[in-house]
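Student: Could you take me through the aromatic rings in this one, and then the odd bits of backbone? I'd like a close look, not a tour of the whole thing.

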Amino acid sequence: MNSPRAVLFPAGGPQLKESLADYSRRGGFAALRNALAASRPAAVMEALERAQLRGRGGTGAATAGKLARCAQAEGQPKYVVVNGGENEPGSFKDRKLLEYTPHAVLEGALLAAYAVGASRIIFYVNANDAEARRRVHGAIQEAEARGWLGEGIHGSSFSAQAEVFAAPAPYIAGEETAALEAIEGRPALPRRKPSEPLLAGLHGKPTLIHNVETLANFPPIVLYGAEWYRSIGTEESPGT
């Protein structure tokens, strides 16, 4: 991410499966480092709101609004669920992001967790995507070794843990409340509506659920700014 052009994939293109060292060389974790140094979680949400990032999982909902509601919700621990239950036929974008640049997704999840006050991150990855799960496991281990996960991340008051959950393969399992049911050990079926995961999600606690690609956009927005991000895409839906 040493250039604003390197939004998701490294300069070598999607052929290169990055290590943490690779990701760091192009500016990886600089956004989180800066956010922690500023000691103002709300700044992350403000950057996303100015950028007008919309969810990349299909709904197109405003991202900042979800973060704000989860941040205001009462209850601990709070969770961030990275929804990689990509079960729609012919859809592989999230799988490729997790396989080739998992650290970008992890940094995005950490920025989200910092913004809302969450301490647990769960990667919900399609059970058929063994390589994606392996790569995310490896990214988590590398981040723990380098101090980007665990207690008091890089000397700050922010602590977070991450894990990987193998998501059931059926299409409906990708629905966000079905994902929560699966993680809790029940059949992956949507919860009765209305359901408010932001207020009472995983284990009844506030839970932010975001798509893989949505979270991968967090680091470059925080690092390069909303104005840069809004220079890409359309007026109603900026970015790549």
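Is Phe-165 buried, partly exposed or exposed?

Tutor: Phe-165 counts as partly exposed, because its relative accessibility is 24% and the buried class stops at under 20%. Keep in mind that this is a predicted model.

Now for the company Phe-165 keeps. Searching the whole structure turns up six aromatic pairs. One of them is Tyr-124 with Phe-165, a stacked pair with 6.0 Å from centre to centre and 5° between the planes. Tyr-124 sits in strand E2 (residues 120-126) and Phe-165 in strand E3 (residues 161-167), so their pairing ties together parts that are 41 residues apart in sequence. On the Tyr-124 side, the relative accessible area is 0%, so that residue is buried. So the stack joins a buried Tyr-124 to a partly exposed Phe-165.

Tyr-224 and Trp-228 give you another geometry: the ring centres are 5.3 Å apart and the planes meet at 65°, so this pair is edge-to-face. What puts it in that class is the angle, because edge-to-face needs planes over 60 degrees apart. Tyr-224 has 23% relative accessibility and counts as partly exposed, while Trp-228, at 17%, is buried. The 20% cut-off falls between those two values, which means the labels differ.

There's a cluster as well, made up of Tyr-23, Phe-29 and Trp-148. A ring can also have a charge for a neighbour: Lys-17 lies over the face of Tyr-100, 5.3 Å from the ring centre.

Phe-29 is a handy bridge to the backbone. This cluster member is found in the loop between helix H1 (20-25) and helix H2 (30-38), and Phe-29 is buried, at 0% relative accessibility. Its phi is near 70°, a positive value in a residue that isn't glycine. Why flag that? Because most residues other than glycine have a negative phi, and most peptide bonds are trans.

His-154 goes on the list too, with a positive phi of about 50° although it is not a glycine. You'll find His-154 in the loop between helix H7 (130-145) and E3. Unlike the buried Phe-29, His-154 is partly exposed, with a relative accessible area of 46%.

Last stop, the peptide bonds. Gln-76 and Pro-77 are joined by a cis bond, with omega at about -5°. Pro-77 belongs to the loop between helix H4 (63-72) and strand E1 (79-84).

Terms used:
Residues are numbered from 1 along each chain as its sequence is written. This is a predicted model: local features need pLDDT of at least 70, side-chain atom pairs count only at pLDDT 80 or more; totals for chains, interfaces and linings use all residues. Side-chain values use heavy atoms; hydrogens and water are left out. Rings of Phe, Tyr and Trp (its six-membered ring) pair if their centres lie within 6.5 Å; planes under 30 degrees apart count as stacked, over 60 as edge-to-face and the rest as tilted. Helices (H or I, at least four residues) and strands (E, at least two) are DSSP runs, numbered from the N terminus. Buried means under 20% relative accessible area, exposed over 50%, partly exposed in between (1.4 Å probe, protein chains only). A charge sits over a ring if NZ of Lys or CZ of Arg is within 6 Å of the ring centre and within 35 degrees of the ring normal.
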